[in-house]
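Colleague: Please take a close look at the largest pocket in this model. What lines the largest pocket, and which elements give residues to the lining?

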Amino acid sequence: MNGIKNDEIIKKLFTKSLWVMIMAFITTTIGMFVDGIVISNYLGPEAMASMTLVTTVFMVVLAIGGAYSAGSQSLCTQYMGRGEMKRANQILSLTTVMMLL
């Protein structure tokens, strides 16, 4: 019975975070679309080409950061569930330092 309640809680939390991630993705995409329109209309094709190159690099860095963040969140959650708060704090500190580099 307790397993069913935990599954329901996890499903609700996942659904809430899924909508936040979808909205963040949509917002980023709309921003890039608007940037592309403004750059192509006012700055020319060379600027648009450079924006396309930078956007590709930006998306790769964003994907790596997202994967790193999701992995560290999972590890922190596991250690917090085991009551190992010191280890969870160490992972959080390491993740923060790595993201700042």
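**The largest pocket in its setting**

Modeller: Start with burial. Of the 101 residues of the protein, 13% count as buried. Keep in mind that this is a predicted model. The exposed surface comes to about 8300 Å². Carbon and sulfur atoms supply 73% of that area.

Now the fold. The protein has three helices and zero strands. Along the sequence the pattern reads α-α-α. The radius of gyration is 19 Å, whereas the globule rule gives 13 Å for 101 residues, so the protein is more spread out than a compact globule. The box filled by the C-alpha atoms, taken along the principal axes, is roughly 60 × 30 × 15 Å.

Next, the pocket itself. A general point helps here. Rolling a probe the size of a water molecule over the atoms shows where empty space is left. The largest pocket has a volume of about 230 Å³. Two elements each give two or more residues to its lining: helix 1 (2-42) and helix 2 (45-81).

Go through the lining by number. Met21, Ala24, Phe25 and Thr28 are among the lining residues. So are Met59, Leu62, Ala63 and Gly66.

Then sort the lining by class. Six residues are nonpolar and two are polar. Gly counts as polar in this scheme, and Gly66 is one of the lining residues. No charged residue lines the largest pocket.

To sum up, the pocket of about 230 Å³ has a lining with six nonpolar residues, and helix 1 and helix 2 are the elements that give two or more residues to that lining.

Note on methods:
Residues numbered from 1 in each chain as written. Predicted model: local features only at pLDDT ≥ 70, side-chain atom pairs only at ≥ 80, totals over all residues. Heavy atoms only, no water. 1 Å grid on protein atoms, 1.4 Å probe; cavity = no way out; pocket = protein on both sides within 12 Å on 5 of 7 lines; lining within 4 Å. Points joined across faces, edges and corners; volume = space filled by probe spheres on them. Helix = DSSP H or I, 4+ residues; strand = E, 2+ residues; numbered from the N terminus. Rg over C-alpha atoms; globule rule 2.2 N^0.38 Å. Buried < 20%, exposed > 50% of the residue type's maximum accessible area, 1.4 Å probe, protein only. Areas by Shrake-Rupley, 256 points an atom, 1.4 Å probe, with all protein chains shown as cover.
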